[in-house]
Amino acid sequence: MKVLYVASEALPFAASGGLADVAGSLPKALRKRLIGCRVVMPMYDTISQELKDSMTFITSICVPVAWRRQYCGIFEARANGVIYYLLDNQYYFKRDNLYGYYDDAERFAFFSRAVLEMLEHIDFKPDIIHCNDWQSALTPVFLSTIYSDRDFYKDIKTVFTIHNIQYQGTYGKELIADVLGLPEDATSLIEYNNDVNLMKGAIECANKVTTVSPSYAEEILDPWYSHGLDNILLMRRFKLSGILNGIDVDGYDPSTDSRIYKNYDVNSVDDKAVNKAELQKDFNLPQKPDTPLVGIVSRLVGHKGFDLVRAVLDELLATTDIQFAVLGSGEWQYEAFFNEMANKYPDKFAVKLGFIPDVARKIYAGSDIFLMPSKSEPCGLSQMVALRYGSIPIVRETGGLRDSVSDSGDNIGNGFTFKSYNAHDMLATIHRAVQGYQNKDGWRQLVVRAMNSDNSWNKSANEYIRLYKDLLK
Ligand code: GLC
């Protein structure tokens with residue numbers, strides 16, 4: 001079986017969010033299970049020169065974008081034993097960022113079309129094309145319209161994965177003639193609420209639609225989570241399922257991670273104390289070994305649940321022996337609030353604004369507790385990394401948080417959870433965790449259980465393989 005995995009970002013080449021982690025690790029897990037899997041992504045200018053130097057040029061082709069004909073260079077690279085194709089067009093991709101431009105729709109219409117056009121020019125004809133998020137949502141749309149009567153393409157099946165339903169690729173209808181070049185009778189596929197909606201088009205056209213956790217697959221049928229797409233998903237429910245992401249357990253391994261202060265594993269969890277002391281020093285917090293230290297690593301945006309934190313943090317810090325080490329950047333309101341708390345409680349609360357991967361690792365290793373109270377979370381990666389590093393997650397029961405963290409009240413679970421999106425429920429849960437922390441033996445057992453949680457791709461890669469096989473029956 002041959003799978004072409006289409007992503008707008010993939011590690012180690014380019015990353016802005018969790019999709020890059022998945023596109024950098026799932027293909028490797030599939031290859032291990034003898035599935036032929038290659039990845040295709042844009043050749044961004046921001047890819048490091050070292051990686052660019054390692055690529056080989058295969059050929060160049062001409063890609064239609066409505067009435068335009070655009071150059072597309074095809075490059076090949078290898079990472080983790082997987083072949084990555086990088087599609088080059090400097091007009092579209094020689095920019096400082098991955099997304100956020102006035103012509104994003106055209107840039108990714110080009111990319112999605114080029115994915116299909118390149119197939120006749122490389123030595124890999126996929127049985128399945130697996131697309132992700134709105135940036136490659138047009139590939140299944142083009143395949144089932146413009147390419148449907150071409151012999152070469154007729155047996156290819158498509159899977160579309162929603163990583164976050166909030167970002168759908170919504171544009172004005174003028175896009176249809178000017179950028180998409182879809183035939184008149186196909187336009188209803190991508191129209192939604194009087195706009196063009198690329199994600200909706202992929203939901204219509206792909207043979208299977210998946211999302212990144214079973215709970216999120218249920219949640220997005222509900223208007224509270226669906227950002228307007230619940231109706232269309234309900235109609236297409238028969239092809240929707242949720243498969244929980246895994247993490248690259250070799251890349252995130254406290255026993256070998258060179259970015260943390262001291263390596264440790266389940267047999268030496270007491271060495272986490274060294275990491276904690278150093279982390280406290282790094283963040284200018286007093287080095288108190290017995291005060292529970294809470295880590296947060298996150299984009300500082302609304303859906304991550306920071307409204308809840310803002311509502312009760314002052315009260316928590318004023319009354320509890322607890323410390324926080326926070327890393328993240330995002331909305332001004334949260335950055336300002338965290339700065340204010342750091343000024344008011346310098347011995348208890350410290351924040352670094354920005355995204356600094358090395359510091360993130362140090363927080364996972366050095367913190368006792370990891371707070372992630374998301375309003376919605378399709379899958380979430382940080383809670384899985386926190387578990388692997390023995391930092392006990394406190395999460396709201398939503399999406400992938402619900403599917404990877406269970407409450408330890410029963411002495412089986414690996415974290416602390418709360419149900420409603422309510423600040424005092426979160427606060428009570430933090431108090432439960434702080435209380436649990438006082439019981440040293442019980443806490444050590446919890447850390448070991450957390451570190452033993454299986455968040456590798458083992459189970460999920462097999463689920464994808466089952467899904468692919470189903471399609472080829
Ligand atoms: C998106 C989601 C996140 C998920 C990631 C990878 O970034 O917001 O929850 O973990 O995609 O699927």
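How many Å lie between an oxygen atom of the ligand and a polar backbone atom of Gly 380? The answer is 2.8 Å, and the views below start from there.

This is a predicted model, in which local features need pLDDT of at least 70 and side-chain atom pairs count only at pLDDT 80 or more, while totals for chains, interfaces and linings use all residues. Numbering runs from 1 along each chain as its sequence is written, and side-chain values rest on heavy atoms, with hydrogens and water left out.

**View 1. Around the ligand.** The residues surrounding the ligand (a heavy atom within 4 Å of it) include Gly 18, Leu 19, Val 22, His 163 and Val 212, along with Glu 377, Pro 378 and Cys 379. Polar contacts here are pairs of N or O atoms within 3.5 Å; within protein, one must be able to donate a hydrogen and the other to accept it, and residues adjacent in sequence count only if both atoms are side-chain atoms. Asn 245 puts a polar side-chain atom 2.8 Å from a ligand oxygen. For Asn 164, a side-chain N or O atom sits 3.4 Å from an oxygen atom of the ligand.

**View 2. Where the two domains meet.** An automatic or database assignment splits the chain into domain 1 (2-246 + 458-472) and domain 2 (269-451). Their centres, taken over C-alpha atoms, are 34 Å apart. Domain 1 brings 16 residues to the contact (heavy atoms within 4.5 Å) and domain 2 brings 15. About 1,200 Å² is buried between them, 59% of it from carbon and sulfur atoms; that is accessible area (1.4 Å probe) lost on putting the two parts together, summed over both.

**View 3. The domain 1 side, up close.** Ser 215, Trp 224 and Leu 244 lose the most area to domain 2, together 33% of what the domain 1 side buries. Across the interface there are eight residue pairs in polar contact (both at pLDDT 80 or more). Helices H8 (214-219) and H9 (223-226) each supply at least two residues of this side, with helices being DSSP runs of H or I, at least four residues, and strands E runs of at least two, numbered from the N terminus. H8 gives the largest share, four residues.

**View 4. Two backbone oddities.** Most residues other than glycine have a negative phi, and most peptide bonds are trans. Leu 11 to Pro 12 is a cis peptide bond, with omega near 10 degrees; Pro 12 is in the loop between strand S1 (2-6) and helix H1 (18-32). Asn 80, not a glycine, has a positive phi of about 50 degrees, and belongs to the loop between strands S4 (68-79) and S5 (82-88).
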